[in-house]
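The exercises below are meant to be worked with the sequence and the structure side by side. Each task is followed by a solution that goes step by step.

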Amino acid sequence: MTNYILRFLDTSDIKSYIDKGGYEGLRRTIKMSPKEVIQEIKSSGLRGRGGAGFPTGIKWESLSNEKPAYIVCNADEGEPGTFKDRLLLESAPHLVIEGLIIAGYANQAEKGYIYIRGEYPEETKIIQKAIDEAKKYKLLGKNILDSSFSFDIEVKRGGGSYVVGDETALLNSIMGKRGNPWHKPPYPTQQGLWSKPTIVNNVETLSCVSLIMQEGWEWFSKIGSFDSPGPKLYCVSGNVKKPGVYEFPMGVPLRDVINTAEVDGVLKAVQIGGTAGPIYSTKSLTLTSTTDFWSLGTPGIVYGAKPLDFNLDFASMKKIGGSLGSGAIVVMNNDAIMVDVLEVTLRFFAEESCGKCFPCRYGTRQLYHMAKNIATGQGKEEYIDIMQKTAVAMAKASLCPLGQSVIMPLKGIFENFKGEILSFIRHQKYIKRVEI
Amino acid sequence: MEEKRENIILAFHKAQEESKNNYIPIEKVKEIAKKYGVSLSEASGLLSFYTMFSTEKRGKYVIRVCDSLSCRLMHSIDILLYLQNKLNIEEGETTRDGLFTIERVNCLGRCFSAPNMMINDKIYGNLTPEKIDKIIEQHIKEAEND
Amino acid sequence: MKKVKVYIDSKEIEVSPNITILEAAKEAGIKIPTLCYHKDLFPSGSCGMCIVDIDGQGIKRSCITVVKDGMKIKTITPEILETRKTILELVLSSHPKDCLTCIKHGNCELQQLAEMLSVREMPYEWYDRGLPIDKNSKGIVRDMNKCIGCGRCVTVCQEVQTVKAIDFHGRGADTIVAPPLGMGMEESVCVNCGQCIVYCPVGALYEKEAIHYVWEALKDKEKEVVVQIAPAVRVTLGEEFGMKPGELVVGKIYTAMHMLGFDKVFDTNFSADLTILEEGTEFLTRLEKGGPLPLITSCSPGWIKFSETYFDELLENVSTCKSPQQMLGALIKTYYAKENKKDPSKIVSVSVMPCTAKKFEASRPEMNASGYRDVDYVLTTREIARMIREAGIDFKNLPESKPDPLLSSYTGAATIFGATGGVMEAALRTAIEVKTGKTLPRLDFTDVRGIKGIKEATLNVDGITLKVAVAHGLSNARELLDKVKEAKKRGEVLYHFIEIMACPGGCIGGGGQPLPTDWDKKKERIEGLYNEDKSLPLRKSHENPEVKMIYEKFLGKPNSHKSHELLHTHYTKRDAYKIEKKI
C-alpha cells in the first residue's frame, strides 16, 4: 500500500519537504497558464475532501472574474472523528501551503487565508513558521520564483465553534463577525469575502492539489475509483485497537479499513462521515449463504457481512443513502450503549448550532432535551416519533447542512437500534444513571 | 497585525493569552472594539459566539475535556468525573486557588488518542487516572515556580 | 425589463424578474405565512415559515429565493404544512404562555400564526427560559423570554438606525438579543428611538408604560392634570380604532381627552409654532454672525442622544431650542399657571407622543426649567389608545370638539412637524419671510418633502444661496453628518440648516405609533399631515395669534433672556464605549 500523501509526514522543515520533491508542483504550475492549471485539476477528477465532495476543478472554474479574489484553506476541522487535517498541518504543512499557492495562481488571487480552529494552537505556530520559511525561499510573497505572480498567506484563528467549518460561516468568521452561515446563493465563488469571489478548500484537498501538480492529473485519476479518484485519508477511532489516520485509495471497502484498525471487541455499529453521518449496524444482518463471511465473535452465529460491505467513496456512499463526508469512521462495539450515542450526538448539535434559523435553533435543543431525558432514565416512548418528526422538519427547513443533517445519525440509530432504545426507556426505572 | 476588523478574533486570543487567568477583561474588550472599528455591541456579540473566550476570570489552566463520540466510547465521562472529584469542582467551575477550570468541550480533533483533554495550549491523550494525577501535579509545580 | 413567467399553485403569473417568490406570490394574491420577514427589511431567512416547494429544487424559503423564468412553485403541500407546523410548535415550546396579560395580546404575529396553522397541541416539553426582564430604561422594556430570535430588532438597530446598542449574544438555542457585556438598555448607547419595538413581532420589546401614573393623577382631585397632543398623533390615533392611517382625528382626540378627565387639553402644535420662532431667530442670528453653521434641529430626542454619543464635534451646531414637548411643559408650569392662578406644584403635565424617546427626554435632569419636572409623564399613541379603550370610549363615533385656549392654537407649519422635512419647511416659511420682509409667493417647499433618506434643497434668499438638508432614520443622519463633519474640519460649510429626525419617515414612524407599521402606512400618515396643512387658514408659525400673545405677555421676544431660561437647553457628550453596570 503506497502512501502518496502520508509519505510527506515529517516535512515541517522546508528542506526535508523539498528533498522529497516538494514545491516541484509549484515550479511546474508557474510555467503553465492559470487556465491550464484549472484544467489539470478538473481532469484529475479531484473532489473536495472536507465533506461535501464537490469537484474542485469545477469550483475553481466557476470563480467569478471580479478582482480581488481570495483563496481560503478551511482548517477548522471540527467534525467528530476527524483528525487528518491536524496531521497534515503539523507534519506536512508545506504540502498544504504549496497547494494553497497553486490554488492562488490558478484562480489569479493574490491573498490566501488559512483559517485554523482555535483548539489547534500548536499547529497554528507550525504552519506560521512554515509560511515564514516559504517566504524566505521566495516561494511566497512578491514575484514567486521570479515570476510575475505574487501571493501572500495570512493565518486566521477560530474561537471555538464547529459551525464555522461550513464555508459561508467560515467567511463570516474571517470577516470578524459571528459565525452564522448564509443562505446560498450567493455562492462564495461569486460573492465571498467582502463580497469578492472566494474559493474555500479543505486542507486535504489542497494537499491533493500539490500532489496533482507534482505528479500529473493522469497519475491521480488512476488511483481510487472512477467517480472519486485519488488517495484519501481515513480516520478510524472508537473501539479499535489501532486508531489513527490511514491512507487508502478512494473507494476502499469499509471492511479493509476496519480490519486494518482491528475492532476491539464485537463490532456493533459504525458511523461514517462524522457526527452528521448515518450509523450502520451489524444488527440489520440476515443469514445468507454467501461464502463471504465475517465473524463477529458472537458465539454460534455467523453473520453475512453484506450490509457493511460497501466502498468508501462519494458515489457508493450516496447509493446507500449516506455520505462519505470527511471520511471519519467511528467504530462502536457491543459495550456501546446506543442511548448514550444518541445523547452525545444530539448534545453536539445543540451546542454547535449557530442559532440563526428556527428549525435548527429550537429543534436541536428539544432533540437534545429528549435524548438527555432518555439517557438519564426519564425517557418517554413518544419521544422516538417526536424526535423523528423534528429531525425530518429540520432536514427540510434548516438553513445550512448542520441542521439538515441531524436526521442522518438519528435515522441510523432508530432504524437499527429502536428496540434497544425502547427497551431502555421501558426498563429505565431499574437502571441507575449518572446525570452529567 | 493590522487593526482591521478581520483580525479581531486574533486580538481576542492575544488579550486572553496575556491575561493570567484565561479571560478577556471587559476593559480590554472595549479597547479592542475601539481599535478594530466595531461597536461595543458587535464586539460583545462576537465574543459570546466563540466558546473559547470568556470575560469572566478562569483558572490559570483551563482543562478542556472532550466528550464527543470517540472519546465517550473511550470513557470520557469517567475522566470528567475523576477530574471533578480530584479538583473538587464541577464542570464550568474554577478551583479556589485559581489554578484550574474544568470545561466539557466537543471534538478536539485527536480521536485516535481518546480520551483526550487540553490544558491551555497542550493536548493530552490516552488518559488514565494515573496519567491525570501526573499531569495535574506537573501543572501545580509549574504554577509554584511562576 | 422583461417579465418572467412563473407558476404558483397552478396559477400562471408574469412578474418582474428580480423579485423573490414571496413578493411574486403577493402580486398573484397568494399569501404565504411568514414570521421573521418584514417587507421594510432585508430578509434574513431565519424562521423557515415561508417555505415553498420548487419543482426540481425541493423545499426552499420563498423570502430569499429569486424567481426564475418557468419556475413551478407550490405553496401548499402536506409536507410543507407539516414542516411549518413543526417549526411553530418548536418555537412555542419555549415561548411564555402568558398571552392574556401580554402587551401584544391581539396584535402578536406569533398568535396570528398559531391561529392560522391551527396549533392545538404542544408535543414538546415546554421550558421557562428564566431570563430577567430589563425594565430600567426610560423608554423601552426588554423581555428576552419572549424573544423568538427573528433578528429584526438587531437589523434595525445596527443597520437602519446604526445606533448599535444591541446585538445577538450566545449561540444556538441560548441566543438572545442584548446590549453589550451584560449592560441594560439604560446604560447602553440606546437612544430610545423605539424602532426595535416597531419591528418586534411579539411582546419581547415594548414601551415603558406610564398609564398607571396618569390614571393615579387623574384620580387625584388635588391635581390639575394637563395634557398636550403631538403633531403626528392626530393622523394616526384613529388606526388604533380601525380608522385609516392619515385620517385627521384631532377633534375626536380633544373630546376623548376631556372625557378621560384631563383638566386642560393643549396642543403641542402650539409650541411647534413657538419652536419655529425661537429656532428661526437662532438661525438668522447665526447666519448673520457667520456661525456656527450648519444649524441642526433639536426636537428629536433620539437624534439628540445619538449626536451626543456619536457626533459630539457637531454639538455646538445643534440648536439650543428644546423640543416642542419640553417647551410646552415648561410653559404649562409657568405661563399657564400664572395666567390661571394655579399652583404649579399641583400641576401634572402629561404628553401624548408618537415617540418612546420622549419618555427619555422628559426625564433628562436639565428638563426642569419651570422649577418642577416640565413634563411629568409621556404616553405613546398606543398607551392613550389603551386608556381610551379601558374607559369604554367609542372613539370612532366621538363628536369633534375644541382644545382649551392659551396653548393650543396652531398653523399648518406646526402640524407638518410630524413628517420628515416638516420642521425644515416650517422654519423656511418663517425665516425667509422674516429675513426678506416679503410675503412668500409659495408656501410649499416640496424639495424637502418625501421619504427619500437624505433630501437637499438650494434656495435663493435675498441674494444669499441657502443650502439645506433633511435626513430621517439615523443611518441617513450618520451618512449626512459624516460628510458635514469632514467638511467642517476643512472649514467648509456644506449646508446652512439641517433637519434630523431619528425615525424613518419622521415622527409619524415613531416608536410609540400604532403597530404594525410599514412604509405604505407611513406615506398615508404623511399625506394626512400635509392635507391638514393645506386646509388651515394660517400656515406660517409667526402668524399664530397665541404665539404672538405669549411673546407680548410673557417671553418678550424670541431668544430673549426669559426664552433662553425656559425654552432653551444644553447637551452632554456621551461615551459610545462606556461600560456601566447598574445591577
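**Exercise 1. The fold of chain B**

Which pattern does chain B follow when it is read along the sequence? Keep in mind while answering that the model is predicted.

Solution. Begin by listing the elements of chain B, which has six helices and four strands. Next, place them in order along the sequence, which gives the pattern α-α-α-β-α-α-β-β-β-α. Then turn to the overall extent: the C-alpha atoms of chain B fill a box of roughly 50 × 35 × 25 Å, taken along the principal axes. Finally, consider the packing, where 48% of the 146 residues of chain B count as buried, and where, among contacts between residues at least 6 apart in sequence, 60% join residues at least 24 apart.

**Exercise 2. The side of chain B that touches chain C**

Determine how many residues of chain B and of chain C are in contact, and which element of chain B supplies the largest share on its side.

Solution. Counting the two sides separately, 15 residues of chain B are in contact with 13 residues of chain C. On the chain B side, α2 (26-35) and α3 (40-49) each supply at least two residues, and the largest share, eight residues, comes from α3(B). Sorting the chain B side by class, as the last step, gives six nonpolar, six polar and three charged residues.

**Exercise 3. Domains of chain C**

State how chain C is divided into domains, and how far apart the C-alpha centres of domain 1 and domain 3 lie.

Solution. Chain C is divided into domain 1 (4-76), domain 2 (92-207) and domain 3, the last of which is made up of 212-289 + 298-306 + 317-423 + 510-567. With these bounds in hand, the C-alpha centres of domain 1 and domain 3 of chain C are found to lie 44 Å apart.

**Exercise 4. A helix pair in chain C**

Describe how helix α8 (residues 268-289) and helix α14 (residues 422-436) of chain C pack, beginning with the angle and the distance between their axes.

Solution. The two helices pack at an angle of about 55°, with their axes 9 Å apart. That angle makes α8(C) oblique to α14(C), because it is neither under 35 degrees nor over 145, nor within the range from 65 to 115. The crossing of α8(C) and α14(C) is right-handed. Turning to the residues involved, C:I276, C:L277, C:E279, C:G280, C:F283 and C:L284 in α8(C) meet C:A426, C:A427, C:T430, C:A431, C:V434 and C:K435 in α14(C). Classified, this contact has eight nonpolar, two polar and two charged residues.

How values were computed. Residues are numbered from 1 along each chain as its sequence is written. Chains are lettered from A and ligands numbered from 1 in the order in which they are written. This is a predicted model: local features need pLDDT of at least 70, side-chain atom pairs count only at pLDDT 80 or more; totals for chains, interfaces and linings use all residues. A residue is buried if 20 or more other C-beta atoms lie within 10 Å of its own, exposed if 12 or fewer, and partly exposed in between; C-beta atoms are placed from the backbone. Two residues are in contact if their C-beta atoms, placed from the backbone, lie within 7 Å. Ala, Val, Leu, Ile, Met, Phe, Trp, Tyr, Cys and Pro count as nonpolar, Asp, Glu, Lys and Arg as charged, and the others, Gly among them, as polar. Domain bounds come from an automatic or database domain assignment. Axes are lines fitted to C-alpha atoms, for helices over the stretch in contact, and angles run from 0 to 180 degrees between N-to-C directions. A crossing is left-handed if the near helix is turned anticlockwise from the far one by less than a right angle, and right-handed if clockwise.
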